[in-house]
Amino acid sequence: MSAMDTTTHFHLYAERRARVAAQLGAGGIAIVPTAPERSRNRDSEFLFRHDSYFYYLTGFTEPNAWLVITADGETTLFCQPKDLEREIWDGIRMGPEAAPSHLGMSQAFSVAELDQRLPRLLENRHTVWYPFATHKGLEGRVDGWLQSVRARVRYGALCPEVQRDLCGVLDEMRLIKDAHEQGIMRRAARISARAHIRAMQRSAAMLSAGQDVREYHLDAELLHEFRQHGSQYPAYSSIVAAGANACVLHYRADNAAIRDGELVLIDAGCELDGYASDITRTFPANGRFTGPQRVLYDLVLASQEAAIAATQPGNRFVDPHEATVKVLTQGMLDLGLLDKNQVGTLEDAIEHRHYFAHYMHRTGHWLGMDVHDCGSYVEPSELGTVSERKDPLSGETIRDRPSRILRPGMALTIEPGLYVRPSDRIPREFWNIGIRIEDDAIVTEHSCELISRDVPVKADDIEALMRG
């Protein structure tokens, strides 16, 4: 259970469940399971993390639980029963007796009764909703319950005729963060920003003292700061990449040496009360940028500032990416990372995606309960508008639909990067430099709020911080 008081639970989660109920249609019923517990090895399990959809509607963090919502607003929770012997080993359970009053449910039962009671709840319903392709075996469970309903048709029971994906309903709800969610995300970003600061300062201090510095040393600083301030766990596996390792996009913190004169890229964020943060900073290991490092860093930062300016209500989700690509590509041409004689003008280089050699990912993604949060990137009102084009790199035919219109309450990352591997076509001074700068943004009424800037981003400010 989260730390929020009972009143907040009633109003926040009950309102969300009511919004779902209102979208199920006459005779609709929705089924939402939480995540399963997963074995790590032998009799040891991974630390349990709830399903995001389930938590969004309940605030309940115990494993082995199910939520059922009907179109008339009735809610049923199936959860683990009280068991004093198991609670000695695994911790206190809420139990079905206490769940209705604590969670605002209409009723609650032991999860052991799920297969017995679900068919009766499904009887005489028209449509059954559940999250498609998110829980292995869920479709089979639903089929089994529907078979039990069909076995009672001779007694007048009607079986649901339609199955629909609940993800679309919940994704649209989760895409706009309410004030409560934004508050948690701001706190998560502040914790993560402090963790990045701590790692930067530790790197400079250890090198200054002549100590052997490894990527895992800085990873340890991140984890310490996350837990020190109440974060339950990292939102994803932290990336701590020294030197050339920064050119590997999903590199994991390992034991590589962090060397004086090289850059370090850290992509890390904590999860707090079910919500993720996601910050990337690239900094000189010893606290001082070299000339070539500074030139590339300032280029990436300039591209991020262009993306930030494009992140405002009414613009499209793709606009920050296009703004980033324009700045980065011009910089690549100016610095010799792209040969003007081969790729042509700025417009040519963008059209034919020549920049992809050094910038191969998008500039952002939705952020929320999941670090790559749910929500369509296509504007729902324009799904029927389709254009086709041939990708200049792969040759594949791509069907484009209008990008999502940004609206207040949407949360996303803004994360341009530049990755330069060794090549005879590129000035040697830039070889093995990988830079990414990532901040978390919430779209506001007139622009966007950067909630992760408690950690410096300008080169001069990073150097000043690391000197301190």
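## Three-stranded sheet

In this predicted model, the strands β17, β20 and β21 form an open sheet of 3 strands, ordered β17-β20-β21, with antiparallel pairing. Its edges are β17 (411-414) and β21 (448-450); each has a single partner strand, so one side of each is left without a neighbour in the sheet. Neighbouring strands are turned against each other by 35 degrees on average, direction ignored.

Strand β20 (residues 439-443) runs antiparallel to β21 and is joined to it by 3 bridges. In this pairing, Ala441 stands opposite Leu450 of β21. Helix α10 (residues 291-310) lies across β17, β20 and β21, and runs at about 155 degrees to β17.

## Six-stranded sheet

A further open sheet has 6 strands in the order β6-β5-β4-β1-β7-β8, and its pairing is mixed. The edge positions are taken by β6 (107-110) and β8 (162-165), each with a single partner strand, so one side of each is left without a neighbour in the sheet. From one strand to the next, the twist averages 20 degrees.

At the β8 edge, strand β7 (residues 127-130) pairs with β8 in the parallel sense over 4 bridges. Tyr130 stands opposite Asp165 in β8. Towards the other edge, helix α4 (residues 95-103) lies across β5 (75-79) and β6, with a direction at about 155 degrees to that of β6.

## Helix α5 and its cover

Helix α5 (residues 114-122) has four buried residues: Leu114, Leu118, Pro119 and Leu122. Viewed down the axis of α5, they fall within an arc of 125 degrees, so they line one face of the helix. The general geometry fits this: an α-helix has 3.6 residues a turn, so residues three or four places apart point the same way. On the other side of α5, Gln116 and Arg120 are exposed.

The cover over the buried residues of α5 includes the strands β1 (28-33), β4 (66-70), β5, β6 and β7, together with helix α6 (138-150). After α5 comes Asn124, which has a positive phi, near 65 degrees.

## Crossing of α8 and α14

Helix α8 (residues 179-208) and helix α14 (residues 459-467) have axes that come within 8 Å and cross at roughly 65 degrees. The crossing of α8 past α14 is right-handed.

On the α8 side, the contact is made by Ile197, Met200, Gln201 and Ala204; on the α14 side, by Ile462, Leu465 and Met466. By type, the residues of this contact divide into 6 nonpolar and 1 polar, with no charged residue.

Notes: Residues numbered from 1 in each chain as written. Predicted model: local features only at pLDDT ≥ 70, side-chain atom pairs only at ≥ 80, totals over all residues. Heavy atoms only, no water. Axes fitted to C-alpha atoms, helices over the stretch in contact; angles between N-to-C directions. Helix = DSSP H or I, 4+ residues; strand = E, 2+ residues; numbered from the N terminus. Left-handed = near helix turned anticlockwise from the far one by under 90°. Contact = heavy atoms within 4.5 Å. Nonpolar A, V, L, I, M, F, W, Y, C, P; charged D, E, K, R; others polar. Pairing = 2+ DSSP bridges. Buried < 20%, exposed > 50% of the residue type's maximum accessible area, 1.4 Å probe, protein only. Arc of directions from axis to C-beta.
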